[in-house]
Amino acid sequence: MYRVMGKSPKNKNPMTDTKKNNADLTKKKGLAFPFSEQDWSNTPQAVKDFLLFLVKSNTELEKRIEALEKKLNKNSTNSSKPPSSDDPYTEKPKQNKKGKGKKKRRRKGYQQKMLEPTEVKNLTPGACICGNTQFNITSPYYTHQVIELPEIEMEVTHFVLHKGECPCCGKVNKAVLPKEHRTGFGPRVSGMIAQMAGNMGDSRTIIQDFCSSVLGFHISLGAIQKVIDRASEAIKPHYENIGKEARQASVNYIDETSHRKNGKLEWLWVMANTAVAFFMIHPKRSKKAFEALIKDWMGILVSDGYGVYRKWVGERQTCLAHLIRKATELSESKNPEIAKCGKWSKAELQRLCHMAHAPPTSGQWNAFYARLIRLISTYEDRKDDAGRFARRLLREIESLWTFLAEEGVAPTNNHAERMLRFAVLWRKRSYGTRSEKGDRWVERILSLRQTCRIRSKKTYPVLVDAMRAYFKEQTPDLAWISQT
């Protein structure tokens with residue numbers, strides 16, 4: 001039997017001390033064997049060994065099942081997975097009703113604005129119910145606005161190049177096309193293609209179909225790619241200036257996400273603040289890549305718990321949202337002690353996070369600090385997930401509340417994650433890039449797009465200005481990047 005199971009007791013008796021082994025099993029598994037110690041001592045040794053083997057195998061299987069269930073139950077609330085990965089058929093947990101009377105934070109609304117009219121039509125009342133059709137007109141009571149596209153007619157210019165023979169020497173001279181018109185596409189069309197490809201993440205075929213069905217002209221996929229390549233070069237000065245501004249900020253939110261180039265794993269890094277967002281694609285997720293991103297920057301870093309960030313020599317704010325999600329995961333554990341640790345940790349971390357909007361009094365802070373220290377001391381010596389989480393809190397304790405001491409620092413790294421959101425969705429649709437040139441386009445257009453969003457600035461006029469300056473070999477308008 002032992003040979004079949006791959007076990008061999010040899011000369012060692014696993015049940016030499018019946019009381020000790022029985023007590024150990026009971027302590028580890030919470031078992032209460034349905035027989036007395038006398039029955040156990042009268043049991044044949046082969047049966048004892050086999051029973052111990054079954055108990056050990058059952059313990060290992062339960063651990064594997066627990067690990068698989070933990071992996072299966074991961075979602076956006078208890079891990080770093082995005083909300084888009086959540087199962088749509090799984091009911092979301094109901095929110096706490098304690099905040100029922102509180103006002104919900106709503107997104108900023110956008111109302112339709114009255115535009116400058118190209119045509120005004122005055123309407124007067126029709127016939128009254130009494131039959132009268134003559135009215136004393138007073139004043140307008142309402143203006144109804146109708147927006148319509150004009151019939152699109154492209155501006156097409158033909159440059160007819162002539163040649164002529166010199167009457168003095170007989171040499172034939174040919175007219176030369178101006179540099180700004182040699183590409184065949186003007187700055188507005190080029191800016192529109194760059195807008196669709198980068199700011200909206202549309203594919204080349206979608207752009208081609210739009211140009212054909214809406215604008216009424218055909219353009220090849222190769223020509224679209226050449227326009228995008230020129231746009232990438234045109235916004236290079238913007239990208240470099242955005243990088244300079246990011247490295248001069250006092251606070252930066254940094255994060256990274258995976259990126260694919262020809263199927264090979266790379267990493268898209270972002271360094272964002274309240275003024276700009278700077279993106280960089282690097283082959284590695286390492287200290288070297290982090291240093292290439294920040295260069296000589298020395299400010300307050302807001303980040304998650306990645307090891308490279310934890311070794312930051314300056315001030316740092318660790319992302320409380322990541323810790324809260326980890327605590328949520330622990331609170332869902334089947335182990336009651338680990339679940340208790342998770343619920344306790346989650347409550348304290350959420351209380352700390354809320355202090356960003358309601359700064360605590362001295363008494364409130366002392367009470368919170370005392371509870372946090374008691375939490376860490378209660379679980380830090382354990383060898384399970386609760387102990388590991390407590391030791392993580394202890395390691396990062398100095399960076400848990402930097403936001404309370406430094407103005408302009410948030411308790412979470414949500415700003416960087418929001419900046420990456422569009423890039424992640426774009427990557428899922430396009431499956432990454434195919435060349436070094438593609439990487440440069442992605443990091444440049446993302447930096448320009450997200451910086452414009454932060455500044456509430458329209459991207460298309462910036463692209464048109466960049467293309468116009470590129471065609472004329474001039475410097476584009478960069479002053480708005482340094483304005484805060």
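Visitor: Let's start with α5 and α6: how do these two helices lie to each other?

Guide: They come out as oblique to each other, a label for any angle outside three classes: under 35 degrees is roughly parallel, over 145 roughly antiparallel, and 65 to 115 roughly perpendicular. Helices here are DSSP runs of H or I with at least four residues, strands are E runs of at least two, and both are numbered from the N terminus. One caution: this is a predicted model, where local features need pLDDT of at least 70 and side-chain atom pairs count only at pLDDT 80 or more, while totals for chains, interfaces and linings use all residues. Residues are numbered from 1 along each chain as its sequence is written, and side-chain values use heavy atoms, with hydrogens and water left out.

Visitor: And what describes two packed helices?

Guide: The angle between their axes and the distance between those axes. For α5 (residues 187-199) and α6 (residues 204-215), the axes come within 10 Å and cross at roughly 135°. Axes are lines fitted to C-alpha atoms, for helices over the stretch in contact, and angles run from 0 to 180 degrees between N-to-C directions. The α5 and α6 crossing is right-handed, meaning that the near helix is turned clockwise from the far one by less than a right angle (anticlockwise would be left-handed).

Visitor: Which residues of α5 meet α6?

Guide: From α5 you get M192, I193, M196 and A197, and they meet R204, I207, F210, C211 and L215 of α6. Contact means heavy atoms within 4.5 Å. Sorted by type, the α5 and α6 contact has 8 nonpolar residues, no polar ones and 1 charged. The nonpolar set is Ala, Val, Leu, Ile, Met, Phe, Trp, Tyr, Cys and Pro, the charged set is Asp, Glu, Lys and Arg, and the others, Gly among them, are polar.

Visitor: How do α7 and α8 lie to each other?

Guide: They are oblique as well: the axes of α7 (residues 221-234) and α8 come within 4 Å and cross at roughly 40°. S232, E233 and A234 of α7 make the contact with K236, P237 and H238 of α8. That α7 and α8 set divides into 2 nonpolar, 2 polar and 2 charged residues.

Visitor: On to the sheet. What is the order of its strands?

Guide: The order is β5-β4-β3-β6-β7, an open sheet of 5 strands with mixed pairing. Two strands pair if DSSP finds at least two bridges between them. At the edges stand β5 and β7 (316-318), each with a single partner strand, so one side of each has no neighbour in the sheet. Ignoring direction, neighbouring strands are turned by 25° against each other on average.

Visitor: Which strands of the sheet run antiparallel?

Guide: β4 (residues 264-272) and β5 do, joined by 6 bridges. They form a hairpin with 4 residues between them, and W267 has H282 in β5 as its bridge partner. For the parallel sense, look at β3 and β6, which pair over 3 bridges, with V251 opposite I300. β6 (residues 300-303) is also parallel to β7, again over 3 bridges; there L301 stands opposite R316, and S303 has T318 as its bridge partner.

Visitor: Is β5 enclosed or open, and how many of its residues are buried?

Guide: All 6 of its 6 residues (277-282) are buried, so β5 is largely enclosed by the rest of the structure. Buried means under 20% relative accessible area, exposed over 50%, and partly exposed in between, with a 1.4 Å probe on protein chains only. One side of β5 shows A277, F279 and I281, the other F278, M280 and H282.

Visitor: Which strands does helix α8 lie across?

Guide: Helix α8 (residues 236-246) lies across β3 (251-261), β4 and β5, running at about 110° to β5. Helix α16 (residues 414-430) touches β3, β4 and β5 too, and its direction makes about 15° with that of β3.

Visitor: Where is E266, and is E266 buried or exposed?

Guide: E266 sits in strand β4 and counts as buried, at 6% relative accessibility. Leaving out residues up to four places away in sequence, E266 touches T257, S258, H259, K261, I281, H282, P283 and D439.
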